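Here's a friendly walk through a protein model for someone meeting it for the first time. Have a look at the picture, then read on.

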Amino acid sequence: MEIAEMLERRRIDICCLQETRWKSNGVCHVNSDKEKYKLFWNGQKTAKNGFGVFVRELLAQEVLGIKRINSRLIELNGHVGEKTDGFDNVHGGFGYGKRNEDGNRIFEFAESHGFCLLNIYFRKRLEHLITYKSGPSATQIDFFAVKQPHRRLFKNVKVIPGESCILAGAHINDVTSHKQTALHLACLHGHSHIVSILIGNNINVNAIDDTLNNALHVACQYGHLDVVKVLLTQSDINIASRNSKGYNPLHVLGHHSKESSSLIFDLFIRSFPQYPVDQVDANGNSVLMLAYFNGNSSLCRAIVKHGATLGTKNKEGMSIFNAPVATKQLLFKMLDMLKKEPPWTDGENCLQCDVKFGLTTRKHHCRHCGRLLCSRCSAKEVPIIKFELTKPVRVCDLCFDVLSLSSH
Ligand SMILES: [Zn+2]
Ligand SMILES: [Zn+2]
């Protein structure tokens with residue numbers, strides 16, 4: 001097998017594979033030309049989050065048993081002795097980066113079970129410590145734990161970048177029954193390091209699943225900011241692709257309200273200032289409308305701040321101005337925070353009273369919210385100092401109230 005050959009070439013005694021997709025548990029022999037390895041593998045019924053450990057045959061004889069703790073942790077319950085040469089081993093006390101919440105939990109777990117984390121007992125070049133790299137940010141997130149008394153038996157621990165294993169496994173564009181690729185699944189689970197590796201191995205980033213979602217739709221749906229960042233900066237994915245509901249990735253963001261949605265929106269706009277923010281889905285909803293109907297106030301504020309159109313009406317005649325919501329507080333807040341005149345809306349009917357425009361009923365606009373209105377619905381006049389409109393201009397009743405109460 002290709003993996004066994006890679007292990008032989010690199011003179012590796014023990015090798016852990018993550019995210020394998022083999023079902024159930026088992027042990028088997030895998031041989032390269034010169035070396036014999038024993039593979040202990042552990043999967044789940046769903047064939048997700050699997051785990052495999054290759055051990056050189058000589059050492060494998062001393063493995064007493066495998067104890068499964070959970071899908072993420074496996075304990076090698078045996079004596080793994082004898083060094084092989086060819087490795088520089090210098091004892092350091094070195095990890096990488098700052099420790100976070102999860103880092104503390106790893107240390108707590110290790111301590112309470114009498115493990116030590118082998119990776120940080122060896123001084124390494126940076127690229128061998130870092131197992132997740134995305135643009136300027138990098139972290140060490142994979143650890144190899146052994147029982148403390150056995151630590152001195154190990155001479156080196158090394159993370160081999162994902163390329164090797166993916167190339168050994170081939171079939172990078174295989175799909176599930178819902179036509180999801182590995183990229184869709186990595187985006188769904190928020191595995192940004194895997195997304196990065198898949199892109200580096202030329203996976204088809206524009207593959208669509210059976211509801212026409214590409215990887216960006218999926219990352220937005222689940223609110224994975226890090227994944228969106230990798231997709232936008234490391235690939236040339238179609239950023240305005242439409243799914244079966246006519247949603248572009250930002251519509252998905254508005255439809256699935258997540259805490260990170262506004263940060264993801266800001267990231268989109270920073271990366272693509274010309275993004276068509278006012279584009280509507282198959283029902284005529286803009287991302288602002290979807291975010292508003294879902295009550296995602298931080299996303300609404302981010303969209304308004306960017307200068308989106310406010311007055312858009314969907315196919316059912318609903319807009320953010322007439323939507324049946326419990327309180328108009330968010331709408332007030334959005335109008336109050338306007339810093340520049342939003343784009344004007346157009347149409348054949350007044351957006352407030354629905355009268356049809358014609359020879360006697362002329363079109364007007366509220367100079368504050370940009371809505372298309374008849375003269376009766378934009379009868380009040382007031383200067384708008386924040387827009388540098390010092391002479392009185394037409395505004396709707398709602399904007400008149402907002403401007404009167406405004407702190408600006
Ligand atoms: Zn009107
Ligand atoms: Zn108005």
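## Starting at one glycine

Let's begin with Gly284, which sits in the loop between helix H11 (261–271) and helix H12 (287–293). Keep in mind as you look around that this is a predicted model.

Is Gly284 buried, exposed or partly exposed? It counts as partly exposed, because it has 16 C-beta neighbours inside 10 Å, and a residue needs 20 or more to be called buried. Setting aside residues up to four places away in sequence, Gly284 touches Asn314 and Lys315. Thr312 is another residue to find from here: 28 residues separate it from Gly284 in sequence, yet their C-alpha atoms are 8.2 Å apart in space.

## The whole chain

Now zoom out. The protein chain has 408 residues, and 32% of them count as buried. Its secondary structure adds up to 15 helices and 14 strands.

How about contacts across the sequence? Take the contacts between residues at least 6 apart in sequence: 62% of these join residues at least 24 apart.

## How confident is the prediction?

Averaged over the protein chain, the pLDDT is 79, and 69% of the residues score at least 70. Two stretches deserve some caution. Over residues 70–94 the pLDDT is below 50, although the model gives this stretch 48 contacts beyond near neighbours in sequence. Residues 126–141 also have a pLDDT below 50, and there the model shows 33 contacts beyond near neighbours in sequence.

## Two annotated repeats

The UniProt record, an unreviewed entry, places the feature "repeat: ANK" at residues 178–210 and 283–315. Residues 178–210 are 52% helix and 0% strand, with the end C-alpha atoms 5 Å apart. For residues 283–315 the figures are 52% helix and 0% strand, and here the end C-alpha atoms are 6 Å apart.

## Loops with a positive phi

A couple of loop residues have a backbone angle worth checking. Lys179 isn't a glycine, but it has a positive phi of about 65°. You'll find Lys179 in the loop between helix H5 (163–169) and helix H6 (182–189). Lys179 counts as partly exposed because 14 C-beta neighbours lie inside 10 Å.

Asn202 isn't a glycine either, and its phi is positive too, at about 60°. Asn202 belongs to the loop between helix H7 (192–200) and helix H8 (215–221). Why is Asn202 called exposed? It has 9 other C-beta atoms within 10 Å, and the cut-off for exposed is 12 or fewer.

## Helix H11 and its neighbours

Back to H11, the helix before the Gly284 loop. Which residues of H11 are buried? They are Ser261, Ser262, Ile264, Phe265 and Phe268. Looking down the axis of H11, these buried residues fall within an arc of 160°, so they line one face of the helix.

What do they pack against? The partners of the buried H11 residues are H8, helix H9 (225–234), helix H10 (249–255) and helix H13 (297–306).

## Two hairpins

Strand S2 (residues 25–31) and strand S3 (residues 36–42) run antiparallel, with seven bridges joining them. In that pair, Asn25 has Asn42 in S3 as its bridge partner. The hairpin gets from S2 to S3 through four residues.

Further along, strand S13 (residues 380–384) pairs with strand S14 (residues 389–395) in the antiparallel sense, over four bridges. Here Ile384 has Leu389, in S14, as its bridge partner. The S13 and S14 hairpin has four residues between the strands, and Glu388 takes a positive phi near 60°.

## Helix H15

Our last stop is helix H15 (residues 397–405), where Cys399, Val402 and Leu403 are buried. Seen along the axis of H15, the buried residues stay within an arc of 95°, so they line one face of the helix.

Which exposed residues are on the face turned away from the buried side of H15? That face carries Ser404 and Leu405. On the buried side, the H15 residues pack against helix H14 (329–336), S13 and S14, so this helix brings us back to the hairpin whose strands pair over four bridges.

Terms used. Residues numbered from 1 in each chain as written. Chains lettered and ligands numbered in written order. Predicted model: local features only at pLDDT ≥ 70, side-chain atom pairs only at ≥ 80, totals over all residues. Contact = placed C-beta atoms within 7 Å. UniProt positions renumbered as here; feature names shortened; annotations may be inferred. Arc of directions from axis to C-beta. Pairing = 2+ DSSP bridges. pLDDT = per-residue confidence, 0-100.
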